[in-house]
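User: I have a structure open and would like to go through its side-chain interactions with you. Could you take my questions as they come?

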Amino acid sequence: ATGGARTPRRSLPSHISRASPLGAKPLEAILFDCDGVLADTERDGHRRAFNVAFEDNGIDEAWGEERYGKLLEVGGGKERMTAHWVSRARPG
C-alpha cells in the first residue's frame, strides 16, 4: 500500500524538456535568496565595505554594528544612505 495518490506532473510547453543535460540529476529544489537572508551579508559584508569605501575616499565616517543595525531599518540602499546623511546634517 502506498501513502497516498501522487499529484500528476503538469505538462510542459513543447520547447522545454524534462531531460537533464549531460546526464545530470533533475533539479530537486531551487533556492531564491534575498541579500542577507541565508547569510548575514549586511553586518559582515556591506557594512565593512561601506567603511572601506569611506576610508578610501577620505570620508570621516565609520559605521559600527549598532549604527548600521539602525540604518537597516530603512529599506533600500539609496534610501538608507539618504537617511544617514540627512540625519548627520541635522544639528543635535
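User: Which side chains does Arg-88 meet in a salt bridge?

Analyst: This is a predicted model. In it, the side chain of Arg-88 meets that of Glu-61 in a salt bridge, with 3.1 Å from N to O. The pair joins distant parts of the chain, 27 residues apart: Glu-61 sits in the loop between α1 (41–56) and α2 (65–71), while Arg-88 belongs to helix α3 (residues 77–89).

User: Is Glu-61 buried or exposed?

Analyst: Glu-61 has a relative accessibility of 13% and therefore counts as buried, since the buried class covers values under 20%.

User: How many salt bridges are there in the whole structure?

Analyst: A search of the whole structure gives two. Besides the pair of Glu-61 and Arg-88, there is a salt bridge between Lys-70 and Glu-73, whose closest N and O atoms are 3.2 Å apart.

User: And how accessible are Lys-70 and Glu-73?

Analyst: Lys-70 has a relative accessible area of 49%, so this residue is classed as partly exposed. Glu-73 reaches 60% and is therefore classed as exposed; the exposed class begins over 50%.

User: Turning to the rings, how many aromatic pairs are there?

Analyst: The count comes to six aromatic pairs. One of them is formed by Phe-50 and Tyr-68, with 6.1 Å from centre to centre and 50 degrees between the planes, a tilted arrangement. This pair also links distant parts of the chain, since Phe-50 lies in helix α1 and Tyr-68 in helix α2, 18 residues apart.

User: Why quote both a distance and an angle?

Analyst: A pair of aromatic rings is described by both the distance of the centres and the angle of the planes.

User: Which of the two rings is buried, and which is partly exposed?

Analyst: Tyr-68 is the buried residue, at 2% relative accessibility. Phe-50 is partly exposed, with a relative accessible area of 26%.

User: What other ring does Tyr-68 pair with?

Analyst: Tyr-68 also pairs with Trp-63. Their ring centres are 5.5 Å apart and the planes differ by 25 degrees, which means that the pair is stacked, as angles under 30 degrees fall in that class. Trp-63 is buried as well, with a relative accessible area of 2%.

User: Which residues do the ring pairs link into a cluster?

Analyst: The cluster consists of Phe-50, Phe-54, Trp-63, Tyr-68 and Trp-85, linked by ring pairs.

User: Now the surface. Which residues form a nonpolar patch there?

Analyst: Leu-27, Ile-30 and Phe-32 form a nonpolar patch, and together they have about 430 Å² of accessible area. Phe-32 lies in the segment before α1 and is exposed, with a relative accessible area of 77%.

User: How much area does the protein expose overall, and what percentage of its residues is buried?

Analyst: The protein exposes about 8,200 Å², of which carbon and sulfur atoms supply 55%. Buried residues make up 11% of the 92 residues.

User: Finally, the fold: which elements are there, and what share of contacts is long-range in sequence?

Analyst: The protein has three helices and zero strands, and the order from the N terminus is α-α-α. Among contacts with a separation of 6 or more, 24% involve residues 24 or more positions apart.

Notes. Residues numbered from 1 in each chain as written. Predicted model: local features only at pLDDT ≥ 70, side-chain atom pairs only at ≥ 80, totals over all residues. Heavy atoms only, no water. Helix = DSSP H or I, 4+ residues; strand = E, 2+ residues; numbered from the N terminus. Buried < 20%, exposed > 50% of the residue type's maximum accessible area, 1.4 Å probe, protein only. Contact = heavy atoms within 4.5 Å. Areas by Shrake-Rupley, 256 points an atom, 1.4 Å probe, with all protein chains shown as cover. Salt bridge = Lys/Arg side-chain N within 4 Å of Asp/Glu carboxyl O. Patch = residues over 30% accessible without salt bridge, like charges linked within 9 Å, V, L, I, M, F, W, Y side chains within 5 Å. Phe/Tyr/Trp six-rings, centres within 6.5 Å; stacked < 30°, edge-to-face > 60°.
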